[in-house]
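Reader: Hello! Could you take me on a close look at one part of this protein, and show me how its surroundings fit around it?

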Amino acid sequence: MTTTTPADQHVRDRVVRDLDTSVFLEAGAGAGKTSVIVARVVNLVSCGVPLSEIVAITFTEKAAGELRDRIRLELSAAGLNEALPDVDGAAIQTIHAFCAGILREHALAAGLHPDYRVLDQLQADLRFAQSWRTWLWGAAAQDEDVQRPLQRALELGLTLDQLQHATDQLSRHRDLAGDYDATTSDDQDRRSEAQRERDLTLLQLMPPLRQLLDDDAAQRRRDGLLTYDDLLVETRDLLARSQGVRAAVRQRTRTLLIDEFQDTDPLQAQIALLIAADPDTDDWTAATPGPGRLVLAGDPKQSIYRFRRADIDVYEQVRDLFLASPETASVERLTVNFRARPSLSRWHNRVLPQVLQPDPTYPRAQARWESSTPYRAESPAGSAAVAVIPARRSFDRAPEAREAEARLLANLIAHIRLPDAQLGQLPDGADSSRSPQYREIAVLVRTRTAVDLYTSALDRAGIPYHFDSGQDFYQLPEIRNVAQLLAVLDDPSNESAVAALLKSPLWSASDVELLQWRTAPDESRLADWSERIDQMRSETRMMNLPELIDHVLRASGLLESQAVDPSASRMRQRQANLRMLVQRAASFADEHGSALRPFVRWLTQRGARHLPESESATTEADDDAVRILTIHQAKGLEFPIVILPKLQDGVFAGTDFIVDRANDRLEFSILTGRHGSAPFRTPGYEAALLRDRAYADAEARRMLYVAATRARDWLILPDYPADSMRSRESFHTVLEDASPGWPTAEAEQSTLVLSPRTFDAAPRMQPAVRSVDFDALRSQWAAWHSEAQAAGTRSFDARTPSMPAPGEAEESPQHHPADGGINPLDVGSAIHESLELADFADLALTQQRCARACARHDVPVAIIWPHVERALQTDLLQRAARADTILRELPLTTISRDDDHTTIMNGIADLVFRENERWVLVDYKSDVEIDSQRRQKYTRQLQQYALMLQRAGIEIDEAYLLLTTSGTAVELALNEDARP
């Protein structure tokens, strides 16, 4: 029974009133920990502590703004009006902003220019890329100790792009300074020779790469530039080495409060403890939180940001420091849940502890479970708060299951809003209830995979929704269209930008129309495009940048064109994104000026580098639309009704870059992408991977906790599994382990199990009708694209010259007796690559290259080298060695059309060389023997190669099969009958 006083009110009072004790505050979902933090701030102010001596750190700028508003409201409610003018200037900010302030105040002690500039992510990435190129073609090219392992790594298949990406990851974790030692490898005896060579080569590259990062960081300091990562590293290092700086920061910081501490970067935890320690120390692991100096609030069960460097081990380590300091600090726990109604809270307490089972090998990987006590009264009907909707039948494949679930989702949402909905009504006051609105329904997904199926179903049902697609803002189609238009306005002679613009929705030109425009511009539909561009250039000549962007959006019709989309939700989202671009232009102009060309370059680079930035928010509190969010997006939010579809999505994703704080290293593995190739790995990667998988599994289970605890009144679990996904670890399997048979009433008595038929008769809303002449648009579109549409009706197929003729059976590759049962495809690949790399005049060098090719394909050199040696000794390859032109592994493509059918032929010619003005074609074969049927097949293959080369301008005079098994060259007549 709910009382007016929460069961844990004594804990809340202690945290708010005991201002001389530092507090580590743990609170489950819906416990109101942020309210407690705000109340402590208000009490500090009421006791005479100025806001200027209070620092409140939040996870994002948005959260900082919300916290600032709540503090302002509570100060006003408490009558502390004299403190209100100080709210806007108070240190209620992100950790990066806080660190930037410390470094500016102590720039000389930090070795920084006082007016240093913080690079945004794009600027930091571009600068790093330049530093990488300078190092690669400068210091690395001149240092033999770098050249040797770098050349060896490239020979073994590592690409420069992969090495640059790994170095970039090291730079993002440059606080990890541990050494890499080959003796630390945990699988010395199990590694193959090829694996050991790759690992050793990578290990030899690590010292110069680390030196590159140290030199680059030092150069940034000299240039007065810092990245976001630098802000944390430089602040931590400054505090750790300077007692004077620690004392100065501590003197002006009476209390430091950090919300969502479970998501905190370990560097942030170190900074907080160095500031709050009493007595003073430069070792954060030995810090004692000073009296009332530090308040940390979080919920380890909601720690789901490992990809942003959140570390649950650090969370527990800091908690232990508070437990070890009872004289000045305490660990408190809020247990009352203000969010979920009692029946839902009971389900949480019964099922979720089983979901969050600790790993026996890594007990700290999983958060401790603490049951919650509901505060709310039960709904009038008193019905179950968890509904399961099992599918009527089984599905073979995931797309089929998702399409069925998407239809259910639309029917379900339409049914929920009916007065007689079987799920019941939402509580509305003490004794009344009502039908829910759309905005009170949230659909949460683990990943965005196939979400378009669900949004399409909602569109068809006329249900309004808001969905942030998660696509990079600068990669969105409407933003790319603006970038293309601005690029042409800036430089009409840029032909690639012109082509992209003409193919965009603004002109929707087909390839045929582009050709017509280039050959006969006056007769083309595109004849007036240049005039329109000139007109826009003239109109915007005297405008500042944001005015220019706004005018271009309207004059070009881009803003209005978004209304053509039949989905009102997508239309509003795209228009909001375009308006958001005007805001980005204004911000850019404030820092870089109003010239168009720099903005075009900036916009293009952001799109090319896929920098993450969310779409513009279109759903406000008064918008009645269903919310579709990822679980990460939903963290910190709550909704009366939460639906969790796609329960079979895989959840336990691994990573190639693993933080190993025990050894202070970043362990990683790089796959080269070559068939059969072993990866490049750091010495401790295998051991770190075992631990990382356990921690990734634990975090995935916490994501289910976060999703389930977003609901206030109803949690709905559709169960539409597919047989093809049953073996995957997912929320479905996690729930099955926690509550066997959970989709049935027998397994979960308090769960309402509903048939999908319950929702089949739900009414549909008609999509909103907008004043657009669709008939005119359709006619215009058909006229513009009639020829392109006709071309698109042709059927086509893709073939290779080695494919069997129609009606001919596919032959299995032959094993050579000496191959020892090794896959003949691997043998053939190794032979072809060795001959591709061979120096026909240098047998020793060719043997070295053959050994490397064998290592890449994990085939013994003893099997491959005899093939290569026999081939090199043939008269045919001796002729090739003397040829004036040699072409190896030559890719060929031809396209042929026959009535309504198109055939695309792709192939690779092994060797083509020119000798005395005559061209010779050679194809390598490892067959044991060539019978008549194979001869016909190979003749047909070489005839096709010869035809493809002829179309490329090379007339083949001779064609051979070079049999590497026997060292025999078989000449094929290109005009002989190759029919079977």
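Author: What follows is a walk through the open sheet of seven strands, with its neighbouring loops and a few other spots afterwards.

Happy to help! Please keep in mind that this is a predicted model. Before zooming in, here is the setting. The protein has 980 residues, of which 52% are buried, and its secondary structure comprises 34 helices and 28 strands. Among contacts with a separation of 6 or more, 76% are between residues 24 or more positions apart. About 44,300 Å² of the protein is exposed, with 49% of that area coming from carbon and sulfur atoms.

Now to the sheet itself. Its seven strands follow the order 15-16-14-17-21-11-22, and the pairing is parallel. At the two edges are strand 15 (465-467) and strand 22 (751-753), each of which pairs on one side only. From one strand to the next, the twist averages 25 degrees.

Let us start from the edge formed by strand 15. This strand runs parallel to strand 16, and three bridges join them. Within this pairing, Phe 467 stands opposite Ile 628 in strand 16. Moving one step along the order, strand 16 also pairs with strand 14, again in the parallel sense, this time over four bridges. Here Leu 444 has Leu 629 of strand 16 as its bridge partner.

How much of strand 16 is buried? Four of its five residues are, so strand 16 is largely enclosed by the rest of the structure. A helix also packs on this part of the sheet: helix 17 (residues 451-460) touches strand 14 (441-445), strand 15 and strand 16 (626-630). The direction of helix 17 makes about 160 degrees with that of strand 15.

At the other end of the order, strand 11 (residues 386-390) and strand 22 run parallel and are joined by three bridges. One residue pair to look for is Val 388, whose bridge partner in strand 22 is Val 753.

The loops that follow some of these strands are worth a visit too. Take the loop between strand 22 and helix 29 (774-791), where you will find Thr 758. Is Thr 758 buried or exposed? With a relative accessibility of 25%, Thr 758 counts as partly exposed. Apart from neighbours within four places in sequence, Thr 758 is in contact with His 415 and Gln 422. Gln 422 is 336 residues away from Thr 758 along the chain, yet their C-alpha atoms are separated by 8.0 Å.

Next comes the loop between strand 17 (639-643) and strand 18 (657-660), which holds Lys 646. Although Lys 646 is not a glycine, its phi is positive, at about 55 degrees. Lys 646 has a relative accessibility of 4% and therefore counts as buried, the cut-off being under 20%.

Strand 21 has a loop to look at as well. Between strand 21 (711-719) and helix 28 (731-738) lies Arg 728, which counts as partly exposed at 38% relative accessibility. Leaving out neighbours within four places in sequence, the contacts of Arg 728 are Asp 649, Gly 650 and Thr 733. The C-alpha atoms of Arg 728 and Gln 648 are separated by 7.6 Å, with their positions 80 residues apart along the chain.

Since you may like backbone geometry, here are two further loop residues. Glu 260, in the loop between strand 6 (255-258) and helix 13, has a positive phi of about 55 degrees without being a glycine. In the loop between helix 13 (266-276) and strand 7 (294-298) you will find Pro 279. The peptide bond that joins Asp 278 and Pro 279 is cis, with omega at about 10 degrees.

Let me finish with a pair of helices. Two packed helices are described by the angle between their axes and the distance between the axes. For helix 21 (residues 529-539) and helix 22 (residues 545-556), the angle is about 150 degrees and the axes are 10 Å apart. The crossing of helix 21 and helix 22 is right-handed. Helix 21 contributes Arg 532, Met 536 and Glu 539 to the contact, while helix 22 brings His 551, Val 552, Ala 555 and Ser 556. By type, the residues of this contact are three nonpolar, two polar and two charged.

Technical notes
Residues numbered from 1 in each chain as written. Predicted model: local features only at pLDDT ≥ 70, side-chain atom pairs only at ≥ 80, totals over all residues. Heavy atoms only, no water. Axes fitted to C-alpha atoms, helices over the stretch in contact; angles between N-to-C directions. Left-handed = near helix turned anticlockwise from the far one by under 90°. Contact = heavy atoms within 4.5 Å. Nonpolar A, V, L, I, M, F, W, Y, C, P; charged D, E, K, R; others polar. Buried < 20%, exposed > 50% of the residue type's maximum accessible area, 1.4 Å probe, protein only. Areas by Shrake-Rupley, 256 points an atom, 1.4 Å probe, with all protein chains shown as cover. Pairing = 2+ DSSP bridges.
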